[in-house]
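Reader: Hello! I am new to this structure and would love a close look at a single part of it. Could you pick one strand and walk me through its surroundings?

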Amino acid sequence: MSDVTKTVQKWHASFKKGTDFDSWGQLVEAIDEYQILARQLQKEVQSSNSHDFTEEQKKTLGKFATCLEMRSAALQCTQSQEEFKLEDLKKLEPIIKNILTYNKDFPFDVQPVPLRKILAPGEEENLELEEELDAGTGAGSTPSFPSRVPGTLLPRLPSEPGMTLLTLTIEKIGLKDAGQCIDPYITVSVKDLNGIDLNPVQDTPVATRKEDTYIHFSVDVEIQKHLEKLPKGAAIFFEFKHYKPKKRFTSTKCFAFMEMDEIKPGPIVIELYKKPTDFKRKKLNLLTKKPLYLHLNQALHKD
């Protein structure tokens, strides 16, 4: 039996283990198994040395990893009815089992997660130099960005009577070194007070243009839960990320967040904080004293 066949068998066994835990109600174990498998698939997709899989197969593996992450996020959100379901995930079993011969369309309209080095939480902070030392990275890059990151934005949920949906338009972000950021994008997540995901995490596509101290996104993000179903103390997080060619991985530069009492129609400007991202909102340090912010626009939809 070839090494690649053994690898596929291990992936299939891991998938079965995760879905078994899921069906038995052992959610913590299921989440762990899904996340471990997602990381393994992402590493394979991002490996430039691997010739075991074709580019199409790698795309399929990337989409498979996205579905694992979506199911994992759904399990962490106990109030959810609309998220990625176990029966949806089980439909993917023939794909992981037969990835070497699978040649049909992927059954769900998802995108692979952005190409980036897979790091454990906090690991990237240890790898990085201070921002000041790294300020030269990306100098001389062109104003328009290559489409390295496809984005993982999701469509708006179906409306429900009396329920409110939120569309956030990410207009632009102000940064003193905006012109030096390569392949910038923003990861949007909704967390409870303990930092647990309440929605699938979404990544914007890379920014369309940069101008002076601004990077322009002009992209709509549909929050994947009716506002009335979000628990008290929830917040929407925005992590600004960019690619570091010297380090060969994508780094979080700063983050911002919106709390529930800030949700109202119209434009809003929110402050930027230094990394690492503090989802529990306990230790917050402003990124800069300069008047540089994340600019958003909010639209509420209610039947």
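Author: Happy to! One term comes first: two strands count as paired if DSSP finds at least two bridges between them. Please keep in mind that this is a predicted model.

Let us take strand β1, which covers residues 164-174. Is β1 enclosed or open? Of its 11 residues, 9 are buried, so the strand is largely enclosed by the rest of the structure. Buried here means a relative accessible area under 20%.

Now for the partners of β1. One of them is strand β10, made of residues 294-302. The two strands pair in the antiparallel sense, and 9 bridges link them. To find a spot where you can see this pairing, look for Lys-172, which stands opposite His-295 in β10.

Another partner is strand β5, residues 214-222. It is joined to β1 by 7 bridges, and these two strands also run antiparallel. Here a good place to look is Ile-170, whose bridge partner in β5 is Val-219. While you trace these strands, a general point may help: in a regular strand, side chains alternate between the two faces of the sheet.

From β10 we can step back to the loop that lies between β9 (273-274) and β10, where Pro-276 is found. A cis peptide bond joins Lys-275 and Pro-276, with omega at about -5 degrees. The loop between β9 and β10 also holds Arg-281. The phi angle of Arg-281 is near 60 degrees, a positive value in a residue other than glycine. Is Arg-281 buried or exposed? Its relative accessibility is 13%, so Arg-281 counts as buried.

A positive phi turns up elsewhere too, in strand β2, which spans residues 182-191 and includes Asp-183. Asp-183 is not a glycine, and its phi is near 50 degrees. With a relative accessible area of 1%, Asp-183 is buried.

For one last stop, away from the strands, try helix α3, residues 55-75, where you will find Thr-60. Thr-60 has a relative accessibility of 14% and therefore counts as buried. Which residues does Thr-60 touch? Leaving aside residues up to four places away in sequence, Thr-60 touches Ile-95, Ile-99 and Phe-106.

To come back to where we began: β1 has β10 as an antiparallel partner and β5 as another, and 9 of its 11 residues are buried.

Key. Residues numbered from 1 in each chain as written. Predicted model: local features only at pLDDT ≥ 70, side-chain atom pairs only at ≥ 80, totals over all residues. Heavy atoms only, no water. Buried < 20%, exposed > 50% of the residue type's maximum accessible area, 1.4 Å probe, protein only. Helix = DSSP H or I, 4+ residues; strand = E, 2+ residues; numbered from the N terminus. Contact = heavy atoms within 4.5 Å.
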